[in-house]
Amino acid sequence: MAERTIIPFGPQHPVLPEPIHLDLVIEDEKVVEAIPNIGFIHRGLELLCKKKTFEDMTFVAERICGICSFIHGVGYCQGIEQIMKLDIPPRAQFLRSFWSELARIQSHLLWLGLAADAIGFESLFMHSWRVREKILDIFEETTGGRVIFGASKVGGTRKDINNETLQRLAKTLKEIEEDYRSLAKVFEQDYTIATRWSGIGIVSKEEAHSLGAVGPCARASGLRQDTRLLKYGAYEHLDFEPIVETAGDCQARTVVRVKEIFQAFDLMQQSIAKMPEGEIDIKVTGMPHDEFFSRVEQPRGEVVYYIKGNGTKYLERFRVRTPTFANLAPLLKMLAGCDLADAPAIVLSIDPCISCTER
Amino acid sequence: MFEHQEIVNIEISELQTHVKKLCDEGYRLVQIGCTALDHFQIDYTFDKDHKFFDLRIKLPKEEPKLNSISTIYLPACFYENELHDLFGIQVSGMAIDFGGKFYRIAEKNPFINPKNLEEK
Amino acid sequence: MADILKMFKVITKALFGKTACGMYPVKPAKVYPNTRGHIEIEKEKCILCTICDKRCPTHAIHVDREGHQWAIDRYKCIYCGRCVEVCPKKCLHMANSYSAPHPKKELETFDVPPVQTKKAEETK
């Protein structure tokens, strides 16, 4: 019986964007099991619903995470609108899905850069983030901020984009897509990347279903699972097909994200073409007095908001279940049996966003 | 356009049979959440092909004890550890029991501490 | 062989092409008209109604009606633009340059001319 050692992974590690602690139990360089421990960024944001009015909570919801901030705001506003039975104007819905897809591209490009950096391919990391800067410039031009946008509110959006700007952005997005195409080829076909990432961290289709995987982790294992198929917001007018791979390893998860960026560019061109005229918000009267589970698709998977109002301007309960929390169980399955040298790449391949996990 | 969501109230004793039936039908566990009202309201959310289904049980505050469903759904143990660390609910039979050390937080059971729940 | 030629093309483009860096602080930072930088107030138009004080989500604005002062804590402000939207006299604006760093956290106060003086000036 070989000796077991425990090696602590994290909370500080060069590949991790945010702190998480994993105790890796190893036997002669093979990881036998992993024990997670979280709580380094627990800010107790859910309890703030008692101290901030439900309209101010939009700002809190956006600040749960820096990378996926816009879609948190959209999910929260959507939940309140369903509770109060507010029908927001179609232009606001199309604007929200336009910005959501842009946020998805930005998040995936950030992850692709980090993944390239994790295996030592620094120039690819720099090129990914160079393309990402152009996306952030579009955000700054339309909403005013690069990371936290403040563009959604209960009842619609706070800012509008006029039609000439939209046509100009359609051309800019085509140029950015051409620029990104050469990067995508490297991620899909390069020999070094394929050797590093193929065949490690495999999750089969049945395991992904029983362990509750969401997002690209589930889609890379063959499950056709995408919350945008619920047709919330403007997605009932946009057509797309979720991208599914079958291999279930780290390379499959990368390829799913690479192809989702192309899909997001296409969805944005569709929403610019179909953008209706009209108002961008409606007046909000009354207090929320019901409950609802709002589900939206973040870059990392399905996020669920449980919002319960009790008739006052403060909410009774605001609960967020983020996709990285759901992907923790598949992560422990992926780490069992892998080599110690592959552990950073596997942890990074689920796209851990720990500030979302711990709120 | 307003989604109708099905929420079913059940007794604590019927929990295991309902969850086993849902697992056999192919539902996936989405989340386990808790709301602290004058009793604990615990929601078990399931999903199949994007169709929503929710089981709700009421747990009295004097006796916060539950049986784990992690023998049927393994990822439930993470949600149940979170319920224990944040709300002080005792869940017995978890597949991986962290013993209160899953969340590294400064105070015990912060979500039921009346100091944290005062309205402004 | 084709791969090595491709590599040289990438290297030449990186060495002699236009840089992707913003060259800050040698060149000024790139801002857009919509950029949310900091809040500015036109003191003459303010009527000290305190709506901005009540609606600020982080309580960064403090309005003193008796002392005729409007103060903002630049470090608490999250540049959300709520105060700009709710001001009835439209005297608050979102400027597009970031606020400068300060050695201490203190309130920045502006003296608002009293409303009677303005009314007296109008009736003159």
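**Exercise 1.** In this predicted model, determine how many residues chain A and chain C each bring to their contact.

*Solution.* Step 1: count the residues on each side; chain A supplies 11 residues and chain C supplies nine residues. Step 2: ask which element gives the largest share of the side of chain A; this is α4(A), with four residues. Step 3: sort that side of chain A by class, which yields one nonpolar, five polar and five charged residues.

**Exercise 2.** Describe helix α4 of chain A by its span, its buried residues and what covers them.

*Solution.* Step 1: the helix covers residues 122-142, that is, 21 residues. Step 2: at 1.5 Å a residue, 30 Å is expected, and the distance from the first C-alpha to the last is 31 Å, close to that value. Step 3: a residue counts as buried if 20 or more other C-beta atoms lie within 10 Å of its own. Among the buried residues of α4(A) are Leu124(A), Val131(A), Ile135(A) and Phe139(A), and also Arg132(A) and Glu140(A). Step 4: the cover over the buried residues includes α3 (90-118) and α5 (163-189) of chain A. Step 5: after the helix comes Gly144(A), with a positive phi near 105°.

**Exercise 3.** Explain why one side of β1 and of β3 in chain A is left without a neighbour in the sheet.

*Solution.* Step 1: the strand order is β1-β2-β3 in an open sheet of three strands with antiparallel pairing. Step 2: β1 (5-9) and β3 (30-37) of chain A stand at the edges and each has a single partner strand, so one side of each lacks a neighbour in the sheet. Step 3: for β1(A), five bridges connect this strand to β2 (residues 21-27) of chain A. Thr5(A), for instance, lies opposite Ile26(A) of β2(A).

Note on methods
Residues are numbered from 1 along each chain as its sequence is written. Chains are lettered from A and ligands numbered from 1 in the order in which they are written. This is a predicted model: local features need pLDDT of at least 70, side-chain atom pairs count only at pLDDT 80 or more; totals for chains, interfaces and linings use all residues. Helices (H or I, at least four residues) and strands (E, at least two) are DSSP runs, numbered from the N terminus. The expected span of a helix is 1.5 Å times one less than its number of residues. A residue is buried if 20 or more other C-beta atoms lie within 10 Å of its own, exposed if 12 or fewer, and partly exposed in between; C-beta atoms are placed from the backbone. Two residues are in contact if their C-beta atoms, placed from the backbone, lie within 7 Å. Ala, Val, Leu, Ile, Met, Phe, Trp, Tyr, Cys and Pro count as nonpolar, Asp, Glu, Lys and Arg as charged, and the others, Gly among them, as polar. Two strands pair if DSSP finds at least two bridges between them.
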